[in-house]
Amino acid sequence: MIAIVGRANVGKSTLINRLLGEKVSIVSPVAQTTRNLVRGILNEPRGQLVFLDTPGVHQASYDLGHVMNRTARAAVEGVDVVLLVLDGTTTPRAEDEGWMRRLLFHPAPVVALVNKCDEKEDHTAAYQQRWASVAKEKNSTKQADWLRSSAVTGEGISELVTKLFALAPLGEQLFPEDILSDYPRKLAIADVVREKYFHELRAELPHTLAVEIEELEEKPDGWLAQGAIMVEKPSQKPILLGTKGRMFKRVVAAAEKDLAEMYGLPIKLELWIRVEKNWQKNFWVLKRLGYVP
Ligand SMILES: Nc1nc2c(ncn2[C@@H]2O[C@H](COP(=O)(O)OP(=O)(O)OP(=O)(O)O)[C@@H](O)[C@H]2O)c(=O)[nH]1
Ligand SMILES: [Mg+2]
């Protein structure tokens, strides 16, 4: 069991998809894209690695953000290896240091992966210095294994997998070999719709939006998914629709295309936009969305 953790937007979800060679977790340029824990299973003749993608830790300014941070921090409990993903194109930030502090006293081995090595800037040395200074301050001798990768080009990924197989303890096979992810289908479909909106919207709006698939009818020749896109205020509804409903149509078409590739059969989406005031503060809504365990 390997937890993939790190600050928001460093490439954790891109990495899990790259490791598995399939899309199991959504990706966007907007920070705080991942909200749920998404498990992905890699099967090879040498063994099975179970990866846990987690929400990126960030300075939360809203309730859902706090829930996401808690989910991410709890995810490292009981795992065999922690994979701390760092963004090589930026200097270390407070959230990176926060993870380092936590992991210095974590019983599992830590792999520190400096990602985005396809970009020109490389701040690996600064991250290593930060680890060393935090360890010194905390009187810890814990070391991390340092590797570099590009989750986009695939550079460094096979070295990473070799390292993880070397560190992971032998144990019982946890999942059957034909399972890629145990993430519930309704949540996965909802996430893909949200991903398409994250690519369209900027500023704060993405964080006030949620997608819930309420019904999923699975027929041999195709699936029908019905559900709602939730916003907090009536004024947000026309933004999601776009002029003459164009943005909404673009999002649905892009999501249906992706889903057809992911599941290998046509998927029709029937969605409506619903104003649900304070959904982020409603425990039952968060539970339905899978954001709280
Ligand atoms: N150049 C480059 N971009 C990357 C790489 N990995 C991820 N990205 C980009 O970084 C952005 C964030 O990627 P995500 O995979 O969503 O990051 P994340 O860490 O899962 O983010 P949260 O879920 O918000 O915590 C996207 O625009 C990705 O395309 C990489 O290796 N190189
Ligand atoms: Mg993510």
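**Cores, helix crossings and a magnesium site**

The largest nonpolar core here has 28 residues, and those with the most contacts inside it are Ile189, Val193, Tyr197, Ile229, Leu240, Leu269 and Leu271. This is a predicted model, in which local features need pLDDT of at least 70 and side-chain atom pairs count only at pLDDT 80 or more, while totals for chains, interfaces and linings use all residues. Residues are numbered from 1 along each chain as its sequence is written, chains are lettered from A and ligands numbered from 1 in the order in which they are written, and side-chain values use heavy atoms, with hydrogens and water left out.

Me: What makes a set of residues a nonpolar core?
Reply: Its members are buried Ala, Val, Leu, Ile, Met, Phe, Trp, Tyr and Cys residues joined through side-chain atoms within 4.5 Å. Buried means under 20% relative accessible area, exposed over 50%, and partly exposed in between, with a 1.4 Å probe and protein chains only.

Me: Which elements give two or more residues to this core?
Reply: They are helix H6 (185-200), strand E7 (210-219), strand E8 (222-231), helix H8 (246-263) and strand E9 (267-275). The largest share, six residues, comes from H8. Helices (H or I, at least four residues) and strands (E, at least two) are DSSP runs, numbered from the N terminus. Apart from this core lies another, of 27 residues, among them Ile16, Val24, Val81 and Ile157.

Me: Why is H6 called oblique to H8?
Reply: H6 and H8 pack at an angle of about 135°, with their axes 9 Å apart. Axes are lines fitted to C-alpha atoms, for helices over the stretch in contact, and angles run from 0 to 180 degrees between N-to-C directions. Under 35 degrees counts as roughly parallel, over 145 as roughly antiparallel, 65 to 115 as roughly perpendicular and the rest as oblique. The angle of about 135° belongs to the rest, so H6 is oblique to H8.

Me: What makes H3 oblique to H4?
Reply: Their axes come within 10 Å and cross at roughly 45°, and that angle makes H3 oblique to H4.

Me: How do you know which residues coordinate the magnesium ion (ligand 2)?
Reply: Donors are N, O and S atoms within 2.8 Å of the metal (3.2 Å for Na, K and Ca); water is not among the atoms, so sites may look incomplete. Ser13 (OG) and Thr34 (OG1) coordinate the ion at 2.0 to 2.1 Å. Ser13 lies in helix H1 (residues 12-20) and Thr34 in the loop between H1 and strand E2 (38-44), so the pair ties together parts that are 21 residues apart in sequence. Both Ser13 and Thr34 are buried.
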